[in-house]
Amino acid sequence: MFFDTSLTALTLAVIWAVFYLVPPAQGLGDLVRIAFFHIPTAWVSVLAFVLSAWWSILYLKTRKIEADALSCRSAALGLIFCLLATISGAVFAKLTWGAYWNWDPRQITIFILLLVYGAYFALRSAIAEPPVRARLSAVYALFAGAAMPFLIFVIPRYYSSLHPEPVINASGHIDMDPVMLAVLLAASAVMTLIYLRLLFRRRCSA
Amino acid sequence: MPIRFSAFHKTKDLLYKELTTEFRTRYGTSALLMFSLTTLSAVSMSIGAQSLSPDFLAILFWIILFFSAMAGLSRVFLQESEQGTLQTLRIYASSQPVFFGKFIYNVLLLFALTLFLLPLFIVFLNASVPHLGELCLVLFLGNIGLSGAATLIASLLTQVQGQSSLFTILSFPIILPLLLFCIQLTAAAFSSEGFTLDNRLLFLTGYDVVILGLASVLFDYIWYD
């Protein structure tokens, strides 16, 4: 209960900071505020998928059904955060580049992530027995995970991108206003806490 | 047939068994080839006499090849579960010979499909191939990756209801990186400009190695309950 109250307060504080503390960015103006939602959701979806893969490995090693439940729930949360990141990214793209969707490398990658986890839940829904479902979906999630490095590191090299450079870019230093960076880190931390809160909620119907 | 115990011999025997059962009915091959012929003629007729750029040719070629492969490659495990021979196979061989036997059979099936499709594609769509050797290399690498992923997904679906509709859904996101690379490289082979052996071929090979290695490891978890 205490955790919930403080998380709500923290979330409200971050929302306030995003709208009143962060200065408008050069060239982007107020649109930059979308990034404080977009980057944390994208980060949390990656975290959720990595943890889901980790629990899949754990299930295959130990055959404990709890590991599968966590893996499934993490994948579901990852899918939701991934959708939020896609939508906020598309809105940002419309306002800055002029189109919601143009198959930018980032959009290819995130779209395939959505496809993979859509297929993952289609597979889960097709199997009735829990142990078989856990085993086969873990195998599929790990197999799909193997294709991810190719998507994330290789495809962007061969398609030109309009996506802004990641915060931690190739040149190794961070070009960002210190206030912005602090708020971004706080927003990411809050989003991660929201994810963990949803992941370990008491009752689950997955 | 005498039972031989080394993994190599078992793989060979399994491949031989696949080829024999296929030769008896010829259902798999004929369905695969007719599917690709149907798709090719649908594409070719609707395009008519227009000449297409190398990019479009490569895209059409791989879309036909991908969906034909999806229509045919799931059979290796599907027919075992349909005919109730899965248990016998489990008793006969351990996981790796089964996986590689089925994988090599799928590769051969895809090579046959490609050999059938490519000349017809060139004739019907009036394509010119200035870099035939490079094209064959790309097709070779692409077919290996495609078969590796398809074999694992097909084995995954032996214990699932409504297998055939799930097969394409599950395979597509995994094969997509391969498909994008193959399309780019095939477009380069179709165009009259010089074909430089670049990093993309290396990535394609890397993808094949990763997919095959991981499929071989993960197959153990599917094969043994």
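## Exercises on a two-chain helical model

Chain A holds six helices and zero strands. The model you are looking at is predicted, so keep that in mind as you work through the exercises.

**Exercise 1. Describe the make-up of chain A, from its order of elements to its burial.**

Solution. Start at the N terminus and walk along the chain: the elements run α-α-α-α-α-α. Next, turn to burial: of the 206 residues of chain A, 35% count as buried. Finally, look at the contacts between residues at least 6 apart in sequence: in chain A, 75% of them join residues at least 24 apart.

**Exercise 2. Find how far helix 2 of chain A reaches, and what comes just after it.**

Solution. Helix 2 of chain A covers residues 35–62, which is 28 residues. From first C-alpha to last, this helix reaches 40 Å, close to the 40 Å expected at 1.5 Å a residue. Now step past the end of the helix: Arg63(A) has a positive phi of about 60 degrees.

**Exercise 3. Work out which parts of chain A touch chain B, and what kinds of residue they offer.**

Solution. Begin with the count: 24 residues of chain A are in contact with 25 residues of chain B. Then ask where those of chain A sit. The elements giving two or more residues to this side are helix 4 (105–126) and helix 5 (130–158) of chain A. Helix 5 of chain A provides the largest share, 15 residues. Last, sort the residues on this side of chain A by type: 23 are nonpolar, none is polar and one is charged.

**Exercise 4. Locate the largest nonpolar core and its best-connected residues.**

Solution. The largest nonpolar core has 116 residues, and Tyr140(A) and Ile153(B) have the most contacts inside it. Helix 8 of chain B (residues 163–190) supplies the largest share of this core, 15 residues. Now zoom in on Tyr140(A). Leaving aside residues up to four places away in sequence, Tyr140(A) touches Tyr120(A) and Leu123(A) in chain A, along with Leu156(B) and Leu170(B) in chain B.

**Exercise 5. Trace how helix 4 of chain B packs, and what follows it.**

Solution. First pick out the buried residues of helix 4 (residues 75–83) of chain B: Arg75(B), Val76(B), Phe77(B) and Glu80(B). Next, find their partners. The buried residues of this helix pack against helix 2 (27–47), helix 3 (54–72), helix 5 (86–92), helix 6 (95–124) and helix 7 (132–156) of chain B. To finish, look just beyond the helix: Gly84(B) follows, with a positive phi near 70 degrees.

Methods: Residues are numbered from 1 along each chain as its sequence is written. Chains are lettered from A and ligands numbered from 1 in the order in which they are written. This is a predicted model: local features need pLDDT of at least 70, side-chain atom pairs count only at pLDDT 80 or more; totals for chains, interfaces and linings use all residues. Two residues are in contact if their C-beta atoms, placed from the backbone, lie within 7 Å. Helices (H or I, at least four residues) and strands (E, at least two) are DSSP runs, numbered from the N terminus. Ala, Val, Leu, Ile, Met, Phe, Trp, Tyr, Cys and Pro count as nonpolar, Asp, Glu, Lys and Arg as charged, and the others, Gly among them, as polar. A nonpolar core is a set of buried Ala, Val, Leu, Ile, Met, Phe, Trp, Tyr and Cys residues joined through C-beta atoms within 7 Å. A residue is buried if 20 or more other C-beta atoms lie within 10 Å of its own, exposed if 12 or fewer, and partly exposed in between; C-beta atoms are placed from the backbone. The expected span of a helix is 1.5 Å times one less than its number of residues.
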